[in-house]
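Please look over the sequence and the three-dimensional model shown below before reading on. The report that follows takes up the strands, the charged pairs, the backbone and the surface in turn.

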Amino acid sequence: EIPFKKCGKIIVATTEDEIRIIEDILDTAAGNGVNDLELIDRDRIAELEPSVFALKAVWSPSTGIVDTHSLMKSLETGIILNGGRIAYDSEVTGIRKIAGGYEITITDSDKSSFTFTSRMVINSAGLASDLISEMAGLADEKLRINFCKGEYFRLNPPKNRLINRLVYPVPAHNLEGIGIHVTIDMKGGVKLGPDVSWLSSNVFDYKVTASKQDEFFRSVRKFLPFLEYDDLSPEMAGIRPKIQRRGEPARDFYIREESHRGMPGFINLIGIESPGLTSCLAIANYVREMISI
Ligand SMILES: Cc1cc2nc3c(=O)[nH]c(=O)nc-3n(C[C@H](O)[C@H](O)[C@H](O)COP(=O)(O)OP(=O)(O)OC[C@H]3O[C@@H](n4cnc5c(N)ncnc54)[C@H](O)[C@@H]3O)c2cc1C
């Protein structure tokens, strides 16, 4: 059983301009077939989240959170029970197209290598998915991954208890990030983040910048009026694998079987940033359809 909680989410408007933006979000959602969102007023906001300030909000009752580690464990168990094998601590270091498929070279943590062949390859290598595609001979500037770091601060106890749902500000217009928001976890912990920080070169920089505390504090204080500076502590950082470049509009996930580029059976998943986890099973079903071609 995978622990989850349908806690719901509010997207808050703190100014008249932001009200117009959340009204647009409602229209977009309806256009995408999401029909359980509601525009709620201050009284309803106060009922749901008494400690949050907003003039109006979008209320999404069906949004939830999931224990991600349990989800991964369950997927891993599913693979093994279905006869799959997982090569841990092993890096794909070569992919060569051969007649009827691909020859893949793996290098393990002892630096020993082995090769195997496969009719199909599914490249879901996250931050390295562009490099894996390139390794197979599909270099493409338009699918270059740009590392975009996001940092989080924790809301220290006891104030974490003031928040019961996910609380999001209105997103930035180009969707570089969806704004520093409030996330709760299954144990009642509350995090603020992630911010947006483009890394100039693709380095795995997971440092948390303690000096950003003021920026985080100012950013969320407009909808968390109870917040004091010392309520925050540095928590963690992650890196988004964006195919969107800095300053450009958001790009959709690239999920394609590459026959059209001379690589039948090679399926690329590139730029799978958020909500890649939320949509992982839907993505898997989409890819399965490609496999059965
Ligand atoms: C800060 C942050 C917050 C996020 N929040 C959310 C959220 O709230 N909701 C949501 O839905 N999504 C969220 N996401 C996005 C989510 O984490 C990703 O969409 C998801 O992890 C993508 O899954 P993936 O399998 O494509 O890639 P990954 O999870 O990155 O997995 C790729 C795997 O490939 C492996 N790999 C890479 N290169 C090689 C190689 N050469 N050989 C072998 N293995 C290799 C890596 O080690 C890794 O294990 C967030 C991401 C970040 C950074």
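Which residue in E13 does Arg154 stand opposite? Arg154 stands opposite Lys191 in that strand. The answer comes from a predicted model, and the strand pairings described next should be read with that in mind.

**Strand E10 and its partners**

Strand E13, which covers residues 190-193, is joined to E10 by 2 bridges in the antiparallel sense. Strand E14 (197-198) likewise pairs with E10 over 2 bridges, again antiparallel. With strand E15, residues 232-242, E10 shares 10 bridges, and this pairing too is antiparallel. Cys148 can be followed in two of these pairings: its bridge partner in E15 is Arg240, while its bridge partner in E14 is Trp198. Strand E10 runs over residues 146-155, and because 9 of its 10 residues are buried, the strand is largely enclosed by the rest of the structure.

**An open sheet of three strands**

Elsewhere, 3 strands form an open sheet in the order E6-E7-E8, with antiparallel pairing. The edge strands, each pairing on one side only, are E6 (90-98) and E8 (113-118), and the twist from one strand to the next averages 25°. Strands of a sheet pair through backbone hydrogen bonds, which may run in the parallel or the antiparallel arrangement. Between E6 and strand E7, which spans residues 101-108, there are 8 bridges, and Glu91 has Thr107 in E7 as its bridge partner.

Phe116 belongs to strand E8, and it counts as partly exposed because its relative accessibility is 36%. Phe116 and Ile145 are separated by 29 residues in sequence and by 27 Å in space, taken from C-alpha to C-alpha.

**Charged pairs**

Side chains of opposite charge can pair when their charged atoms come close. A search of the whole structure finds 23 salt bridges, and the table sets out three of them with their N to O distances.

| Salt bridge | N to O distance |
|---|---|
| Arg165 and Glu49 | 3.3 Å |
| Asp231 and Lys159 | 2.8 Å |
| Arg218 and Asp214 | 2.8 Å |

The pair of Arg165 and Glu49 links distant parts of the chain, 116 residues apart, with Arg165 in the loop between E10 and strand E11 (166-168) and Glu49 in the loop between helix H2 (42-48) and strand E4 (56-60). Arg165 is buried, because its relative accessible area is 18%, and Glu49 counts as buried at 0% relative accessibility.

The salt bridge between the side chains of Asp231 and Lys159 joins two loops: Asp231 lies between H5 and E15 and Lys159 between E10 and E11, so the pair ties together parts that are 72 residues apart in sequence. Both Asp231 and Lys159 are buried.

By contrast with these loop positions, Arg218 and Asp214 both lie in helix H5, 4 residues apart, which is about one turn of the helix. Arg218 counts as exposed at 59% relative accessibility, whereas Asp214, at 29%, counts as partly exposed. Helix H5 covers residues 213-221 and includes Gln213, which is buried with a relative accessible area of 10%. A polar atom of the Gln213 side chain lies 3.1 Å from the backbone oxygen of Leu232.

Salt bridges also link Lys149, Glu151, Asp195, Asp205, Lys207 and Lys212 in a network.

**Backbone details**

Two peptide bonds that precede a proline deserve a look. The bond joining Gly193 and Pro194 is cis, with omega about -10°, and Pro194 lies in the loop between E13 and E14. The bond from Ser274 to Pro275 is also cis, with omega near 10°, and Pro275 lies in the loop between strand E17 (266-270) and helix H6 (280-291).

Asp89 is not a glycine, yet it has a positive phi of about 50°; it lies in the loop between H3 and E6 and counts as exposed at 63% relative accessibility. Lys111, also not a glycine, has a positive phi of about 70°, is found in the loop between E7 and E8, and counts as exposed at 69% relative accessibility.

**A nonpolar surface patch**

What do Met72, Leu75, Leu277 and Leu281 form on the surface? They form a nonpolar patch whose accessible area is about 340 Å² together. Leu75 is found in helix H3, residues 68-81, and it counts as partly exposed because its relative accessibility is 33%.

Notes. Residues numbered from 1 in each chain as written. Predicted model: local features only at pLDDT ≥ 70, side-chain atom pairs only at ≥ 80, totals over all residues. Heavy atoms only, no water. Patch = residues over 30% accessible without salt bridge, like charges linked within 9 Å, V, L, I, M, F, W, Y side chains within 5 Å. Areas by Shrake-Rupley, 256 points an atom, 1.4 Å probe, with all protein chains shown as cover. Salt bridge = Lys/Arg side-chain N within 4 Å of Asp/Glu carboxyl O. Buried < 20%, exposed > 50% of the residue type's maximum accessible area, 1.4 Å probe, protein only. Pairing = 2+ DSSP bridges. Axes fitted to C-alpha atoms, helices over the stretch in contact; angles between N-to-C directions. Polar contact = N/O pair within 3.5 Å; in protein donor to acceptor, adjacent residues only side chain to side chain.
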